[in-house]
Amino acid sequence: MNKPALPRLRSGMVHAVLGGYTLLALFPIALVLINAFKSRPAIFENPLALPTPETWSVIGFERVLSKSAVPLFFGNSLAVTVASLVLILLFGAMAAWALTEYRFKARRWLTLYLAFGIMVPIRLGTVSILQLMVQLDLVNTLTALVLVYTAQGLPLAVFILSEFIAQIPQDLKDAARCDGVGEFRIFFQVVLPLVRPAVATVGVFTMVPIWNDLWFPLILAPGDSTQTITLGVQQFIGQYATDWNAVLASLTLAIVPVLVIYALFSRQLIRGITAGAVK
């Protein structure tokens, strides 16, 4: 085999593996979307078939939107996700700026502390977190979920944003200081605009686990008025019978926001992922 053919072979193998992984990842989503618009008999008769005029049905969406509190659950998930993202991105960027720009004695210890936050799953502290929320009287509130998700997402956000902030030329920041610009203005008007791809990357990577989480809503906010969409879907799943039309319709409504966010920020996400590899 000649040498020019080797790069093409490697590239073909890489694309084949990535294509296979893409199909594997998209298959469950496509299966949910297809069967959400089919009647119950058609779902079990041929789950891989596309909806036809004979099998078309939106009864699941009718039940979800008119006979359940799914719109409320959807709103709870949206509120928790947006609030958590704002806090994670704001405090994460500030902490990354401080650890990157300033030199102080506790800097290494703080970096090590954040590294433990990435290595140790937050679910290991579920009992302690629940006890703390009981003491603060925050059980069955969305505030409890926001606080937990913020703590969960901060370590990774700080490490990713630190790498990007460190690549900003020091002369640019020094020039702003020479012009009398304060540190807060440098951060918000100079640093943040330059790390937008990284912010988008962190936003997507932290949004998906928060939106899809079932563990903490089940433990900290199981009340009827504080359930998230992932927890609310469980009401359609029974021990002896399951309303699959409603389950698939609820999952479809839960999938749509993630797909929309990815479609809007995909360019920023790709730039953020690949920027670190380009020297």
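A salt bridge is a side-chain nitrogen of Lys or Arg within 4 Å of a carboxyl oxygen of Asp or Glu. With that in mind, here are some close-up views of a predicted model.

**Figure 1. Arg177 and Glu101 form a salt bridge.** In this pair, the closest N and O atoms are 2.9 Å apart. The two partners link distant parts of the chain: Arg177 sits in helix H8 (residues 170-178) and Glu101 in helix H4 (residues 70-101), 76 residues apart. Look at the surroundings too: Glu101 is buried, with a relative accessible area of 14%, whereas Arg177 is partly exposed at 26%.

**Figure 2. Arg177 also meets Asp174 in a salt bridge.** Here the N to O distance is 3.3 Å. Both residues belong to helix H8 and lie three residues apart, which is about one turn of the helix. Asp174 is partly exposed, and its relative accessible area is 32%.

**Figure 3. Salt bridges link five residues into a network.** You have already met Glu101, Asp174 and Arg177; Lys173 and Glu183 belong to this network as well.

**Figure 4. Arg63 and Asp243 are joined by a salt bridge between their side chains.** The distance is 2.8 Å from N to O. Arg63 is in helix H3 (residues 59-66), while Asp243 is in the loop between helix H12 (229-232) and helix H13 (244-275), so this pair ties together parts that are 180 residues apart in sequence. Arg63 is partly exposed, with a relative accessible area of 30%.

**Figure 5. The structure as a whole holds six salt bridges.** Among them are the pairs Arg63 with Asp243, Arg177 with Glu101, and Asp174 with Arg177.

Terms used
Residues are numbered from 1 along each chain as its sequence is written. This is a predicted model: local features need pLDDT of at least 70, side-chain atom pairs count only at pLDDT 80 or more; totals for chains, interfaces and linings use all residues. Side-chain values use heavy atoms; hydrogens and water are left out. Helices (H or I, at least four residues) and strands (E, at least two) are DSSP runs, numbered from the N terminus. Buried means under 20% relative accessible area, exposed over 50%, partly exposed in between (1.4 Å probe, protein chains only).
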